[in-house]
Amino acid sequence: MKYFAKKLAGLIATLLVVSFLVFLAFAVIPGDPATAMLGTEATPARVEALREELGLNAPLIERYAKWIADFVRGDMGTSYSYHMAVTEMIADKIPVTLALTAISFFLIVVISIPLGITCARYMDGALDHIIVVANQVIMAVPPFFSGILITLVFGLVLHLFTPGGYVSYRTDWARFLGYMFFPALAIALPKIAMSTKLLRTSVLSEMKADYVRTAYSRGNGTRAVLYRHVLKNALIPVVTFLGMALSDMVAGSIIVEQVFNVPGLGRILLTSISNRDYPVVQAIIVCIAFLVILINFLVDLLYKLVDPRITME
Amino acid sequence: MLDVIDLNLEFHDHLVPETVVYDFDLHMEPGEIVGLVGESGSGKSMTALAIAGLLSRHDMQKRGKILFEGQDLLTCRRSELRSLQGDDIAMIFQEPMTSLNPVYRIGPQVEEALRIHSPGIDKEERKRRAIQMLADVDLEEPERVYDAYPHQLSGGMRQRVMIAAAMICGPKLLIADEPTTALDVTVQAQIVKLLKRINREKKTAILFISHDLSLIRQLCQRVVVMQGGRIVESGSIEEVYGSPRMEYTQKLIAAIPRCEKKYARRQSGKSAQSAKGGMQDGR
């Protein structure tokens, strides 16, 4: 219980710091929402009037305090550019980004675990060599570029999906997932390569452990030794990596959403930054930070499941 | 029961092949305790691993025969070897701290050989037998140990768990590779006592590997002395300790700390006379 209380306190503190930093960043960088809203032709008097109306002339701390107070009540403010409640704007974008991240994560787990074990089992075999080389190549390709390649190969050549033809999850779940598979693959590919490589190394080093010899001495075959004994031990460093990868993917899906024309948090975040639409940016960043911290917390719990030697204090 | 004939183990992981065991011969009767003694690097652990079927390195050549109840373990199919491992031939190791899988509870690890070799036994019965086995190796609160993780137990307790796991299928041969080396002296004595009792009650033959001659003397009926991969001397405890033929054996015996020698002398009343002569030679 103490552990959870401590984690919760950490979560709140992190969110405060992150949101304040975003506030600070917008105070420092050039650009003004009032000008952005009215255009460059607007008279200084009108700009000033709008600034006053939006409360932008108040000191930074005061604005931040007001924002926090509203946020706690569930009011994330009103978008400067779209004149609608931020909550409403991002409510149906969050599931899209979450689905994208979840599918990517699923792909990483189901592909890299068997692949890593196979590589380790047939170390220095032809398959292992092919996978190791392919891994090096895939690791070096950033997701936005693999996204373009996937669009070209699977979309334009093989016609497996229509590039840009996003289907909302509200319309058709199956077609939504079918479309999302491809951006998710683009995000997952480099992580699959890294995770495979990490698991391969981890399995190989665990295979030298004494408990493996004990397992063989009880009549286990190599397959049973790998899956029943080695895998759980070898997963410990991989869980660390997957936790970091997952956090990275929540934040990193922004770019791939652009490539595949997916209306997730990423697209709205980019538009809002260029429009100096503070309330929207602020809300999205806090949401992403919250997700990242939540994921880290879940990873901590997962650690405990994988490795009983870890105590939660 | 066990006949090792002309066993040669050769590593081919360098340009020049390296032989680690030369022409090793051993005969063991059911229920017998044989000690295999030698300094580090003498090839005793390699021999033990070969007998247990645990040397499967591709860069290694094994010649000779290891006949277990007439079946040659060096040439039999892997599936045949696996059906013996953990069932008829069990092994315990030097490092109780790392020989158990750290991420699983003790229970499933003790039961594992039973699960593999007697799949007909249901879960409850397996658990009952495992807890009984943990009690048999003198672990207090066996139910609690059953649910514990290895890191929650001391080294001595873990070695007892290893012994319980090895004994769960009632093997005919238990290979103990330096099982007491990593333990402190009082725990060593307890483990030796336990092995002796297992041998007496369950008639399990034990191949006890150690570099500690005083332990071998307490436990074994026969001893094989190895040096540089070869057998230099073998015979009954009384023969080898009483009148060692080889200078190497004499030196090993001379290296036993003196107070233990007195204790050992008291223990083997029968051969006290001849043993005294042998030990004094070394001093």
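In this predicted model, 21 residues of domain 1 of chain A are in contact with 21 residues of domain 2 of chain A. The account below starts with chain A, moves to chain B, and ends where the chains meet.

## Chain A: two domains

Domain 1 of chain A covers 1-93 + 264-313, and domain 2 covers 94-263. Their centres, taken over C-alpha atoms, are 31 Å apart. On the side of domain 1 of chain A that touches domain 2 of chain A, helix 5 (86-91), helix 12 (265-274) and helix 13 (278-306) each give two or more residues. Helix 13 of chain A gives the most, with 10 residues. By class, this side has 14 nonpolar, 3 polar and 4 charged residues.

## Chain A: a helix pair

Helix 8 (residues 143-157) and helix 11 (residues 222-259) of chain A have axes that come within 9 Å and cross at roughly 30 degrees. That angle makes helix 8 of chain A roughly parallel to helix 11 of chain A, because angles under 35 degrees count as such. The crossing is right-handed.

Which residues of helix 8 of chain A make the contact with helix 11 of chain A? They are Pro143(A), Phe144(A), Gly147(A), Ile148(A) and Thr151(A). From helix 11 of chain A come Gly252(A), Ile255(A), Val256(A) and Val259(A). The classes are 6 nonpolar and 3 polar, with no charged residues.

## Chain B: two domains

Chain B is also assigned two domains: domain 1 (2-88 + 169-282) and domain 2 (99-168). Over C-alpha atoms, 26 Å separate their centres. Domain 1 of chain B brings 14 residues to the contact, and domain 2 of chain B brings 13 residues. Helix 8 (residues 185-202) of chain B supplies the largest share of the domain 1 side, 5 residues. That side of domain 1 of chain B divides into 10 nonpolar, 3 polar and 1 charged.

## Chain B: the sheet

Chain B has an open sheet of 6 strands in the order 6-7-8-3-9-10, with mixed pairing. Strand 6 (89-92) and strand 10 (230-236) of chain B are the edge strands, each pairing on one side only. From one strand to the next, the twist averages 15 degrees.

At one edge, strand 6 of chain B pairs with strand 7 (residues 173-177) of chain B in the parallel sense, over 4 bridges. Ala90(B) stands opposite Leu174(B) of strand 7. Helix 1 (residues 44-51) of chain B packs on the sheet. Helix 1 of chain B touches strand 3 (33-38), strand 7, strand 8 (205-210) and strand 9 (222-227) of chain B. The direction of helix 1 makes about 150 degrees with that of strand 8 of chain B.

## Where the chains meet

The contact between the chains takes 23 residues from chain B and 18 residues from chain A. Helix 2 (78-84), strand 6, helix 3 (96-99) and helix 4 (106-117) of chain B each supply at least two residues of the chain B side. Strand 6 of chain B is thus part of this side as well as an edge of the sheet. Which element of chain B gives the most? Helix 4 of chain B does, with 4 residues.

The table sets out the classes on the contact sides described above.

| Side | Nonpolar | Polar | Charged |
|---|---|---|---|
| Domain 1 of chain A, touching domain 2 of chain A | 14 residues | 3 residues | 4 residues |
| Domain 1 of chain B, touching domain 2 of chain B | 10 residues | 3 residues | 1 residue |
| Chain B, touching chain A | 11 residues | 8 residues | 4 residues |

Technical notes: Residues numbered from 1 in each chain as written. Chains lettered and ligands numbered in written order. Predicted model: local features only at pLDDT ≥ 70, side-chain atom pairs only at ≥ 80, totals over all residues. Domains from an automatic or database assignment. Contact = placed C-beta atoms within 7 Å. Nonpolar A, V, L, I, M, F, W, Y, C, P; charged D, E, K, R; others polar. Pairing = 2+ DSSP bridges. Axes fitted to C-alpha atoms, helices over the stretch in contact; angles between N-to-C directions. Parallel < 35°, antiparallel > 145°, perpendicular 65-115°, else oblique. Left-handed = near helix turned anticlockwise from the far one by under 90°.
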